[in-house]
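Visitor: Hi! I'm new to this one, so could you walk me through it?
Guide: Happy to. Here it is.

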Amino acid sequence: MIIIKTPAEIEKLREGGKRLATVLAKTAALVVPGISALELDMFAQEEIKKLGDTPAFLGYKAPGHRIAYPAALCVSVNAEVVHGIPTAKTILKEGDIVSLDLGIKHEGLFTDHAVTVAVGTLSKERATMLQVTREAMYRGIQAIVPGARVGDIGHAIESYVKKEGKYGIVRSFAGHGVGRAIHEDPFVPNFGRKNTGEKLVPGMVIAIEPMLTLGTEDVIEGRDGYTMKTEDGSAAAHFEHTVLITETGYEILTEV
Ligand code: MG
């Protein structure tokens, strides 16, 4: 069921989104060769605590998982696509790309946001994929015009990415409704046909999050039960914003 947020809820989501964007930007700024994924997670947790908010992923038991997610931040390096569990053993190296995905609960309402960051200097191929993934997210967001449907978002992302080069578009994960819970209806795939799927209605809040790879679109689960990696070991990038549907289009909530 798609939940239309009340004006009071939207106010809290706006504030939560700003806080989340601030924490994630500060965390991303710490990324340098030699830092561990665990250090990034500890920093993000501390910042969220200082604000009096709650990390959304810590202790979250995703459907079909044996264990609850043990961290606040998802840190997915290179071939890891999403849901990388941050550990002290994961040390970032020059040339790596790292997706940082974070959710918070502010006054009972959830927002969700991710960026992929370069560690030092990247190969041209990786740097371009980062730009294309980020732009794909914005193309998806810009497809939200009055009367648009979920399929218009996927279509905008897919058609832009196909034009840019040979990237895999991960299909088994997608954007989603967000707000009263971290994952709500509708499912917002990163591919699709124009004018199909649920209608986007003012007051809906959705996360748009394309995931691209330099190879396959297929992903496999790592041994920790959470980390999703590309099946062929190719590098992946991921960007995500939480977006409010408005009368005239959209408002990005996870921006400062
Ligand atoms: Mg998400």
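Visitor: How many bridges join β7 to β9, and which way do the two strands run?
Guide: Two bridges join them, and β7 and β9 run antiparallel. Please keep in mind that this is a predicted model.

Visitor: Which residue is the bridge partner of His176 in β9?
Guide: That is Ala207. Ala207 is also one of the buried residues of β9: Val205 and Ala207 lie on one side, Ile206 and Ile208 on the other, and all of them are buried. Both faces of β9 are therefore covered.

Visitor: What about β9 and β14, how many bridges are there?
Guide: Four bridges join β9 to β14, which covers residues 241-245, and the two run antiparallel. Within that pairing, Ile208 has His241 of β14 as its bridge partner.

Visitor: Back to β7. How does β7 pair with β8?
Guide: In the antiparallel sense, over three bridges. Gly175 stands opposite Val188 in β8. The two strands form a hairpin with six residues between them, and Gly179 in the turn has a positive phi of about 150°.

Visitor: Let's switch to the metal. Which protein atoms are the donors of the magnesium ion?
Guide: They are Asp112 (OD), His176 (NE2), Glu209 (OE) and Glu240 (OE), at 2.2 to 2.4 Å from the ion. So you meet His176 again here, the residue with Ala207 as its partner in β9.

Visitor: What spacing do the donors follow along the chain?
Guide: The pattern is D-x63-H-x32-E-x30-E. Asp112 in strand β5 and Glu209 in the loop between β9 and β10 are 97 residues apart, a pair that links distant parts of the chain.

Visitor: Are those two buried or exposed, Asp112 first?
Guide: Asp112 counts as buried, because its relative accessibility is 2%. Glu209 counts as buried too, at 6% relative accessibility. The cut-off for buried is under 20%.

Visitor: And the strand Asp112 sits in, why is β5 largely enclosed by the rest of the structure?
Guide: Because nine of the ten residues of β5, residues 109-118, are buried.

Visitor: How many bridges does β5 have with β4?
Guide: Ten bridges join β4, residues 97-106, to β5, and they run antiparallel. Asp101 has Ala114 of β5 as its bridge partner. These strands form a hairpin with two residues between them, and Glu107 in the turn has a positive phi of about 45°.

Visitor: You mentioned β10 a moment ago. In what order do β6, β10 and β13 form their sheet?
Guide: The order is β6-β10-β13, an open sheet of three strands with antiparallel pairing. β6 (168-169) and β13 (236-238) are the edge strands, each pairing on one side only. Three bridges join β10 to β13, and Met211 has His238 in β13 as its bridge partner.

Visitor: Now helices. Why does the span of α3 agree with what it should be?
Guide: Helix α3 has 19 residues, 124-142, which should span 27 Å at 1.5 Å a residue, and its end C-alpha atoms are 27 Å apart, so the two agree.

Visitor: Which residues of α3 are buried?
Guide: Among them are Arg126, Met129, Leu130, Val132 and Thr133, and further along Tyr138, Gly140 and Ile141.

Visitor: Next, pockets! How much space lies in the largest pocket?
Guide: About 550 Å³. It is lined by 27 residues, and the closest to its centre are Tyr60, Ala62, His83, Phe173 and His183. β7 and β8 are the elements that give two or more residues to the lining, and β8 gives the most, with four.

Visitor: What kinds of residues line it, by class?
Guide: The lining of the largest pocket has 14 nonpolar, six polar and seven charged residues.

Visitor: How far apart are Phe173 and Val81?
Guide: They are 92 residues apart in sequence and 9.7 Å apart in space, C-alpha to C-alpha. Val81 lies in strand β3, residues 80-82, and counts as buried because its relative accessibility is 1%.

Visitor: Last one: what volume does the second largest pocket have?
Guide: About 220 Å³. Its lining has 17 residues, with Glu80, Ile85, Thr87, Thr90 and Thr227 nearest its centre. By class, that lining divides into six nonpolar, five polar and six charged residues.

How values were computed:
Residues are numbered from 1 along each chain as its sequence is written. This is a predicted model: local features need pLDDT of at least 70, side-chain atom pairs count only at pLDDT 80 or more; totals for chains, interfaces and linings use all residues. Side-chain values use heavy atoms; hydrogens and water are left out. On a 1 Å grid over the protein atoms alone, a cavity is a set of points where a 1.4 Å probe fits but cannot get out, and a pocket is an open set with protein on both sides within 12 Å along at least five of seven lines; lining residues have an atom within 4 Å of a point. Grid points are joined across faces, edges and corners, and a volume is the space filled by probe spheres set on the points. Ala, Val, Leu, Ile, Met, Phe, Trp, Tyr, Cys and Pro count as nonpolar, Asp, Glu, Lys and Arg as charged, and the others, Gly among them, as polar. Buried means under 20% relative accessible area, exposed over 50%, partly exposed in between (1.4 Å probe, protein chains only). Two strands pair if DSSP finds at least two bridges between them. The expected span of a helix is 1.5 Å times one less than its number of residues. Donors are N, O and S atoms within 2.8 Å of the metal (3.2 Å for Na, K and Ca); water is not among the atoms, so sites may look incomplete.
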